Amino acid sequence: MLLMRALDADLQSRYPGAAIHSIDPETFATSGGIFLVAYADNQPVACGALRPVPGGTCEVKRMFVLATHRRRGHARAVLAALEDRARQMDAPLLALETGDAQPEAIRLYESAGYRSIPCWGPYAGSAHSRCFEKQLRSIDRIR
């Protein structure tokens, strides 16, 4: 897919030699993952994915906008659509990882209400990872 190749190339240029935390299309779909693509003039220009993780949380993955289409609201629209899908799945929380060399992504997430959290799982201990979360609904602690 054009967007995935462009995203991988962008990440390799920002983090030469670093591992890319991609998604396996086969297992992604069968695990309940959702992949969204935004189009302009019938051409794919932006994407993002949502992966359910144990405990009801969903992880935002593979957010990307082609360089020629940035600063037009595509990323914010994809993120909002992913949040809506997560709410439909009754996920109380969204989590994500981005890199320290992606200041535009960090600004997007912070402006959309995500807060910085310690990195987890495959991102824990990564020198370049920045992790965030956003609460989508109140979590009842007492029933």
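Leaving aside neighbours within four places in sequence, which residues is Leu-2 in contact with? I'll start there and work towards the pocket. Keep in mind that this is a predicted model.

Leu-2 sits in helix α1. Beyond its sequence neighbours within four places, Leu-2 is in contact with Pro-44 and Leu-66. In addition, the C-alpha atoms of Leu-2 and Val-45 are 9.2 Å apart, with the two positions 43 residues apart in sequence. Is Leu-2 buried or exposed? Neither label applies: at a relative accessible area of 43%, Leu-2 counts as partly exposed, because that value lies between the 20% and 50% cut-offs.

Now the cores. As background, nonpolar side chains in soluble globular proteins tend to be buried together. Here the largest nonpolar core holds 26 residues. The members that touch the most others are Leu-50, Val-60, Met-63, Leu-79, Leu-94, Tyr-109 and Tyr-114. Two or more residues come from each of β1 (34–40), β2 (43–52), β3 (58–65), α3 (74–88), β4 and α4.

Take Leu-79 from that list. With neighbours within four places in sequence set aside, Leu-79 is in contact with Val-60, Met-63, Leu-108, Tyr-109, Ala-112 and Tyr-114. Another core, of eight residues, lies apart from the largest one, and includes Leu-3, Met-4, Cys-47 and Leu-66. Leu-66 came up earlier as a contact of Leu-2.

Next, the largest pocket. The volume of this pocket is about 970 Å³, and 40 residues line it. Nearest the centre are Met-63, Thr-98, Gln-102, Glu-104 and Ala-105. The elements giving two or more residues to the lining are α1 (2–14), β3, α3, β4 and α4. Which element supplies the largest share of the lining? That is β3, with seven residues. By class, the lining divides into 16 nonpolar, twelve polar and twelve charged residues. Met-63 appears in both parts of this talk: among the core members touching the most others, and among the lining residues nearest the pocket centre.

Last, Gln-102, another of the residues nearest the pocket centre. Gln-102 is in the loop between β4 (93–99) and α4 (103–111). Why does Gln-102 count as buried? Its relative accessibility is 12%, and the cut-off is under 20%, so Gln-102 falls on the buried side. Setting aside neighbours within four places in sequence, Gln-102 is in contact with Leu-11, Arg-14 and Tyr-15. With Tyr-15 there is also a polar contact between the side chains, at 3.1 Å.

Conventions. Residues numbered from 1 in each chain as written. Predicted model: local features only at pLDDT ≥ 70, side-chain atom pairs only at ≥ 80, totals over all residues. Heavy atoms only, no water. Helix = DSSP H or I, 4+ residues; strand = E, 2+ residues; numbered from the N terminus. Buried < 20%, exposed > 50% of the residue type's maximum accessible area, 1.4 Å probe, protein only. Polar contact = N/O pair within 3.5 Å; in protein donor to acceptor, adjacent residues only side chain to side chain. Contact = heavy atoms within 4.5 Å. Core = buried A, V, L, I, M, F, W, Y, C linked by side-chain atoms within 4.5 Å. 1 Å grid on protein atoms, 1.4 Å probe; cavity = no way out; pocket = protein on both sides within 12 Å on 5 of 7 lines; lining within 4 Å. Points joined across faces, edges and corners; volume = space filled by probe spheres on them. Nonpolar A, V, L, I, M, F, W, Y, C, P; charged D, E, K, R; others polar.
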